[in-house]
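This briefing covers one protein chain with a bound ligand. It goes through the ligand shell, the model confidence and a handful of individual residues.

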Amino acid sequence: METFEGRVAVITGAASGIGLAYAQLLGGLGMHLVLADIEVGALQAARDSIGDHAASVSTVVCDVSDGSSVSALADATFDTHHTVHLLCNNAGVSVTRSLITATTADWQWMLGVNVWGVIHGIQSFVPRMIERGEPGHVVNTCSIASWTVMPGYGMYSATKHATAAISEALLGDLQAAGAAIGVTAVCPSLVRTRLFSADRNRPEDLRDDPGTDGPSSSDEQDRIDAITDGIQTPADVAAVMLEGVRADQLWVFPNRDRLDFVRQRFDRILS
Ligand SMILES: NC(=O)c1ccc[n+]([C@@H]2O[C@H](COP(=O)([O-])OP(=O)(O)OC[C@H]3O[C@@H](n4cnc5c(N)ncnc54)[C@H](O)[C@@H]3O)[C@@H](O)[C@H]2O)c1
């Protein structure tokens, strides 16, 4: 996809971090933006921060883990714009906890947002994009954790491995269907965002069982905020995402310095 001005982008998790940076960049290119997020106040602030830079900005409160909520987002988007060119399945959450103590609620929340969120985005938008017959693109925010595994991040890695597989398979299916829709899987490493205080949006019914251990969300955010070495900004990631979409590249790694971890892992696997 090479033309952006006047075209329509939908971004989930658009109220903060990487999603907000996507919105700011794409809005600056003159796209119509549909910003979706579960955090109502932050979503409003995101819209205000973009102001007049985009062709238009609308917001939809949406829980990507809920298929009917994503379907309503698609209906609202097609009712207003009649088309979608760029779908960014970006919303994500993180729980840092050993798999030995991870609770069912932890797994359900992580799988719901990080994996089902992407699946719901594909189900609700891609058939309608194909039907429109216009060139388009799907961006899935994956992670370096789609290719690496670290203690404490097992659940996160599992969900991000799934989104990488889904991205690659989706591209194959789109090509087999003859659709002019590309796929880019963005695989950032550490980025300065609010991901590690994702608990702020955790539904009550999926909160931790009392008595389980593990670092609190705010401890983990403080630890990550203190890291300076190799950490990127959301704007860095957005710029590399855009290059990937323009070049129709499946895999993009905003911080290529971190690829050694991936190579080392595959060397271990294949040795
Ligand atoms: N920050 C990093 O180091 C990093 C690295 C690699 C990949 N990622 C990925 O980037 C994506 C964006 O995360 P971020 O780092 O910008 O974090 P962030 O917390 O700053 O932004 C995530 C956004 O998703 C929204 N969200 C959470 N649950 C939702 C739900 N159920 N429905 C709709 N929206 C929901 C949040 O309200 C928030 O606005 C995620 O998929 C994350 O896994 C982040």
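In which helix is Ser 157 found? Ser 157 is found in helix α5. The model is predicted, and the chain averages a pLDDT of 95. The ligand has 30 residues around it, and the protein covers 98% of the 830 Å² of accessible area that the ligand has on its own.

**Confidence**

- A pLDDT of at least 70 is reached by 97% of the residues.
- Among the elements of the chain, strand β4, residues 86-89, has the highest mean pLDDT, at 99.
- The lowest mean pLDDT among the elements, 78, belongs to helix α6, residues 217-225.

**Ligand surroundings**

- Ser 16, Asp 37, Asn 90, Tyr 156 and Thr 193 come nearest to the ligand out of the 30 residues around it.
- Ser 16 has a polar side-chain atom 2.6 Å from an oxygen atom of the ligand.
- For Tyr 156, an N or O atom in the side chain is 2.6 Å from an oxygen atom of the ligand.
- Arg 200 places an N or O atom of its side chain 3.0 Å from an oxygen atom of the ligand.
- With the protein in place, 98% of the ligand's own accessible area of 830 Å² is covered.
- Helices α1 (17-28) and α5 (154-176) each contribute at least two residues to the shell around the ligand.
- By residue class, the shell consists of 14 nonpolar, ten polar and six charged residues.

**Residues in helices α1 and α5**

- Gly 27 is part of helix α1.
- Why does Gly 27 count as buried? Gly 27 is buried because its relative accessible area is 0%, and the cut-off for buried is under 20%.
- Outside the four places on either side in sequence, Gly 27 touches Leu 33, His 53 and Ala 54.
- Gly 27 and Ala 158 are 131 residues apart along the chain, and their C-alpha atoms are separated by 32 Å.
- Ser 157, in helix α5, has a relative accessibility of 3% and therefore counts as buried.
- Ser 157 is in contact with Ala 145, Thr 148, Val 149 and Met 150, leaving aside neighbours within four places in sequence.
- The C-alpha atoms of Ser 157 and Glu 220 are separated by 17 Å, with their positions 63 residues apart along the chain.

**Residues in helix α4**

- Helix α4 spans residues 104-132 and holds Ser 124; Leu 111 is also found in helix α4.
- Is Ser 124 buried or exposed? Ser 124 is buried, because its relative accessible area is 13%.
- Ser 124 is in contact with Gly 67, Val 70, Ser 71 and Ala 74, with neighbours within four places in sequence left aside.
- Leu 111 has 34% relative accessibility, so it counts as partly exposed.
- Not counting residues up to four places away in sequence, Leu 111 touches Trp 116 and Thr 159.
- Leu 111 and Arg 128 are 17 residues apart along the chain, and 25 Å separates their C-alpha atoms.

**Residues in loops**

- Ser 94 sits in the loop between β4 and α4.
- Ser 94 counts as buried because its relative accessible area is 8%.
- What does Ser 94 touch, not counting residues up to four places away in sequence? Ser 94 touches Trp 109, Met 110, Tyr 156, Leu 195, Phe 196 and Ala 198.
- One of these contacts of Ser 94 is Tyr 156, and Tyr 156 is among the residues that come nearest to the ligand.
- His 82 lies in the loop between α3 (67-81) and β4.
- Although His 82 is not a glycine, its phi is positive, at about 65°.
- Asp 248 is placed in the loop between α7 (234-247) and β7 (251-252).
- Asp 248 also has a positive phi, near 55°, in a residue other than glycine.
- Asp 248 has a relative accessible area of 49% and is therefore partly exposed, as exposed requires over 50%.

Technical notes. Residues are numbered from 1 along each chain as its sequence is written. This is a predicted model: local features need pLDDT of at least 70, side-chain atom pairs count only at pLDDT 80 or more; totals for chains, interfaces and linings use all residues. Side-chain values use heavy atoms; hydrogens and water are left out. A residue is near a molecule or strand if one of its heavy atoms lies within 4 Å of it. A polar contact is a pair of N or O atoms within 3.5 Å; within protein, one must be able to donate a hydrogen and the other to accept it, and residues adjacent in sequence count only if both atoms are side-chain atoms. Accessible areas come from the Shrake-Rupley method with a 1.4 Å probe; for residues, only the protein chains shown count as cover. Helices (H or I, at least four residues) and strands (E, at least two) are DSSP runs, numbered from the N terminus. Ala, Val, Leu, Ile, Met, Phe, Trp, Tyr, Cys and Pro count as nonpolar, Asp, Glu, Lys and Arg as charged, and the others, Gly among them, as polar. pLDDT is the predictor's confidence in each residue, from 0 to 100. Buried means under 20% relative accessible area, exposed over 50%, partly exposed in between (1.4 Å probe, protein chains only). Contact means heavy atoms within 4.5 Å.
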